[in-house]
Amino acid sequence: MASLDLSSFSYHKFVEFAFQEAKLRADLIPFPSHLPYKFRSKDNNIMLHTLSFHAPPKIRLIRSLTVEGNSGMQVLDFAVFPEPEFDLPIFCANFFATANLSIVVLDLNPLYDVTIDTAYKHKYYRELLPLGQKYFELLPWGGNITSESLRFFSPIVIWSRFSSSQFKYDVLYSAFMEYFKAWLVLMEQAVKETSAFQICRNCDAQHKYLTWRAEKDPGHPILKKLVGENLAKELLRDFLFHGVGSLGTKTFLDYFPEYNCADGTVNRKRSVMGKSYETRPWDANGEFIGNGPG
C-alpha cells in the first residue's frame, strides 16, 4: 500500500467526533484547572492542541492532546476518566503516525487487572468481545508488550503497528468511533457506588493507573523533545494524567516497589519482570492464555 500523505491527514476528525458524541450523552463543562490552548514546539514546527472537560456526576475528565506539523509526525492522546464513584474502565486512545508507520493503542482500560479479576472482566467486556474480534484482523497485534503494561489492558485492546495508509486510517477511525460509543453506553448504564470502601478502592485503582502512566508513558520522550523536560512533565502530571497529585498520596514506588533501585530512585526500564507477549494473550472468549515467551 502507498504511504500516507500527512499533509491531508489529521486526528482532529477523531477528537471532533468524540466530543460531539459525548455532548449527546452528557453535559460537558470546561475543566476548571485547564484552559484549552495551542502552543508550538521549541523549533516552531509542531503545533500542540489541548481540550478538556468534565461532566458530573460520571466523567471526572475527558481530554485530548493532538500533535501535528511539518515534521512528518501526527499524535493523538485521548482519554476519559470516570469519577471514583464509578468503576468504569478508562477510555484510552494513543495514536502515533508518520507517513510510513503507525503505532496505536485503543482500549477501555480496566480499573482492575482482568487477568485476575474475572468478575470485573465479565461485567464490562463479555458483551464487547465481538466488537474487538471485528477489528483484531484488520489491526493485528503489534508485537511484544510487557507484562507490566498488560495489567492495564483489557481483552478487547487494539495494540497494533502497521504501514500507514488511507485504508488503515479509515479502519482505525471506525474502531475509534465504535469503541467510544461502547464506552458511552457503559457510562450511561453505570450505577453510582454507595460503599465508601468501594469508592476508595476505585479511587486507588485509578490513581495507580495514573501514577504508572505519568512515570512510564512511552510518549514522554516525544513530548520532552518537542517542548522540553519541564513542560513535558507538567503536561503529563497536570493534564494528560490529571489526578496523580490529587486522587491519592501513594508514590510510584509504593505501587510498584519492584522498580526501586538501591539508591531509592525509580528504575528507568520499561520492564523489570522480563516477560512479554508476542501475540494476543487472550482467546476469542476473552480468556487469558498468556502465550508470550519467557
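**View 1. Ala284 sits in the segment after strand S10.** This is a predicted model, in which local features need pLDDT of at least 70 and side-chain atom pairs count only at pLDDT 80 or more, while totals for chains, interfaces and linings use all residues. Residues are numbered from 1 along each chain as its sequence is written, and side-chain values use heavy atoms, with hydrogens and water left out. The helices and strands named in these legends are DSSP runs (H or I with at least four residues for helices, E with at least two for strands), numbered from the N terminus. Is Ala284 buried or exposed? Neither one: at 48% relative accessibility, Ala284 counts as partly exposed. Here, buried means under 20% relative accessible area, exposed means over 50%, and partly exposed is in between (1.4 Å probe, protein chains only). Setting aside neighbours within four places in sequence, Ala284 is in contact with Leu129 and Gln133, where contact means heavy atoms within 4.5 Å. Have a look at Pro155 too: it is 129 residues from Ala284 along the chain, yet their C-alpha atoms are separated by 8.8 Å.

**View 2. Lys121 is a buried lysine in helix H2.** Helix H2 covers residues 118-125. The relative accessible area of Lys121 is 6%, so this residue counts as buried. And what does Lys121 touch, leaving aside neighbours within four places in sequence? The partners are Val114, Arg126, Pro155, Gly286 and Glu287.

**View 3. Helices H3 and H5 pack with their axes 11 Å apart.** H3 spans residues 129-136, and its angle with H5 is about 170°. That makes H3 roughly antiparallel to H5. To read these angles, note that axes are lines fitted to C-alpha atoms, for helices over the stretch in contact, and that angles run from 0 to 180 degrees between N-to-C directions. Under 35 degrees counts as roughly parallel, over 145 as roughly antiparallel, 65 to 115 as roughly perpendicular and the rest as oblique. On the H3 side, the contact is made by Leu131, Gly132, Lys134, Tyr135 and Phe136. H5 brings Val171, Ser174, Ala175, Glu178, Tyr179 and Ala182. Sorted by class, that gives seven nonpolar, two polar and two charged residues. In this sorting, Ala, Val, Leu, Ile, Met, Phe, Trp, Tyr, Cys and Pro are nonpolar, Asp, Glu, Lys and Arg are charged, and the others, Gly among them, are polar.

**View 4. H1 also packs on H5, with the two axes 10 Å apart.** The angle this time is about 20°. H1 and H5 are therefore roughly parallel to each other. Residues of H1 in the contact include Phe14, Phe17 and Ala18, and among those of H5 are Leu172, Phe176 and Phe180. By class, the contact of H1 with H5 has 13 nonpolar, no polar and five charged residues.

**View 5. Phe95 is one of the best-connected residues of the largest nonpolar core.** The core has 100 residues, and those with the most contacts inside it are Ile62, Phe78, Phe91, Phe95, Phe176, Tyr179 and Phe180. Which helix gives the largest share of this core? That is H5 (residues 166-189), with 13 residues. A nonpolar core is a set of buried Ala, Val, Leu, Ile, Met, Phe, Trp, Tyr and Cys residues joined through side-chain atoms within 4.5 Å. Not counting neighbours within four places in sequence, the contacts of Phe95 include Tyr11, Phe14, Ile103, Leu172 and Phe176.

**View 6. Ala26 is tucked into the loop between helix H1 (12-25) and strand S1 (29-30).** With a relative accessible area of 14%, Ala26 is buried. Beyond its neighbours within four places in sequence, Ala26 is in contact with Ala55, Ile59 and Met187. His54 is 28 residues from Ala26 along the chain, and their C-alpha atoms are separated by 9.2 Å.

**View 7. Phe256 lies in the loop between helix H9 (252-255) and strand S10 (276-277).** How buried is Phe256? Its relative accessibility is 0%, so Phe256 counts as buried. Leaving out residues up to four places away in sequence, Phe256 touches Arg151, Phe152, Lys208 and Trp212. Phe256 and Thr211 are 45 residues apart in sequence and 9.6 Å apart in space, C-alpha to C-alpha.
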